[in-house]
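Student: I would like to take a close look at a single part of this structure, slowly and with its surroundings explained. Could you walk me through one pair of neighbouring strands and then outwards from there?

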Amino acid sequence: MLTGSCLCGSVSYEVDAPAGPIVHCHCATCRKAHGSAFSSVCEVPRDKFRWTRGEALLRAYESSPGKFRRFCSQCGSQILADRVTRATVLLRLGCLDTPLSDRPRCHIWRSDSASWYDPKHDLPELPEGFVPTSPAA
Ligand SMILES: [Zn+2]
Ligand SMILES: [Zn+2]
């Protein structure tokens, strides 16, 4: 069982299936929708997915024909993407509350990547927030 919820907690879901392979999507529509370098996603079977709270608060943006990006109208969290003809829905993993032991398999849509992000660059990792004060040399 997987569970997930939005930032404000008004919308939540359950999935009675394991998570599919994890992918980081760099396409321009994911970057814009999420305001970030990429969106981390995995597929789950549509018939195993159900909303458990707040379904009436969902809004959707049809970013390409038949593809609906569903988000919480109160807090803006992108929760899933849904192609109406497919047997799966695409979970936005930032909203998943269940820990996963699987690790991301690949980056997709690198042809559309943000100019400032390259996944091959190793970066320092910090346990909490920190903003460098000087520009890169
Ligand atoms: Zn919300
Ligand atoms: Zn994408």
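Tutor: Let us begin with strands S7 and S8, which pair in the antiparallel sense over five bridges. Please keep in mind throughout that this is a predicted model. Strand S7 covers residues 67-72 and strand S8 covers residues 78-83. To see one of the contacts between them, find Arg69, whose bridge partner in S8 is Ala81. The two strands form a hairpin with five residues between them, and in this hairpin Gly76 takes a positive phi near 85°.

Now stay with S8 and look to its other neighbour. S8 and S9 also pair in the antiparallel sense, here over three bridges, and a hairpin joins S8 to S9 through four residues. Ala81 is a useful landmark for this, since Ala81 has Arg69 as a bridge partner and also stands opposite Leu90 in S9. S8 is mostly covered, with five of its six residues buried. In the neighbouring strand S9 you will find Leu91, and Leu91 counts as buried because its relative accessibility is 0%, where buried means under 20%. Leu91 also shows how the fold brings distant parts of the chain together: Leu91 and Gly20 are 71 residues apart in sequence, yet their C-alpha atoms are 9.5 Å apart in space.

With these pairs in mind, you can place them in the sheet to which they belong. This is an open sheet of seven strands in the order S6-S7-S8-S9-S4-S3-S10, and its pairing is mixed. At the edges are strand S6 (58-64) and strand S10 (106-108), each of which pairs on one side only. From one strand to the next, the twist averages 30°. At the S10 end of this order, strand S3 (residues 23-25) and S10 pair in the parallel sense over three bridges, and the bridge partner of Cys25 in S10 is Ile108. In the segment after S10 comes Trp109, whose phi is near 60°, a positive value in a residue other than glycine.

The hairpin of S7 and S8 also leads us to a metal site. A zinc ion (ligand 1) is coordinated at 2.3 Å by the SG atoms of Cys6, Cys8, Cys72 and Cys75. Along the sequence, these donor residues are spaced C-x1-C-x63-C-x2-C. The arrangement around this zinc ion is tetrahedral because the four donor atoms subtend angles of 106 to 114°, and the test for four donors is that all angles lie between 85 and 135 degrees. Two of the donors can be compared by their accessibility: Cys72 is buried, with a relative accessible area of 1%, whereas Cys75 is partly exposed, with a relative accessible area of 24%.

Cys25, which we met through its bridge to Ile108, takes us to a second metal site. The zinc ion (ligand 2) has Cys25 (SG), Cys27 (SG) and Cys30 (SG) as its protein donors, lying 2.1 to 2.3 Å from it. Their spacing along the chain is C-x1-C-x2-C. Cys25 is buried, with a relative accessible area of 7%, and Cys27 is likewise buried, with a relative accessible area of 7%.

Several of the strands we have visited also help to line a pocket. The largest pocket has a volume of about 420 Å³, and of the 24 residues that line it, the closest to its centre are Lys67, Arg83, Arg86, Leu90 and Ile108. Among the elements that each supply at least two residues of this lining are S7, S8 and S9, together with S3, S4, S6 and helix H1 (28-34). The largest share, four residues, comes from S9.

Finally, there is a separate sheet to set beside the one we began with. This open sheet has three strands in the order S1-S2-S5, with antiparallel pairing. Strand S1 (2-5) and strand S5 (49-53) stand at its edges, each with a single partner strand, so one side of each is left without a neighbour in the sheet. The twist in this sheet averages 25° from one strand to the next. Strand S2 (residues 12-15) runs antiparallel to S5 and is joined to it by four bridges, and one pair you can look for is Ser12 with its bridge partner Arg53 in S5.

Notes. Residues numbered from 1 in each chain as written. Chains lettered and ligands numbered in written order. Predicted model: local features only at pLDDT ≥ 70, side-chain atom pairs only at ≥ 80, totals over all residues. Heavy atoms only, no water. Pairing = 2+ DSSP bridges. Axes fitted to C-alpha atoms, helices over the stretch in contact; angles between N-to-C directions. Donors = N, O, S within 2.8 Å, 3.2 Å for Na, K, Ca; no water. Tetrahedral: all angles 85-135°; square planar, octahedral: opposite > 155°, others 65-115°. Buried < 20%, exposed > 50% of the residue type's maximum accessible area, 1.4 Å probe, protein only. 1 Å grid on protein atoms, 1.4 Å probe; cavity = no way out; pocket = protein on both sides within 12 Å on 5 of 7 lines; lining within 4 Å. Points joined across faces, edges and corners; volume = space filled by probe spheres on them.
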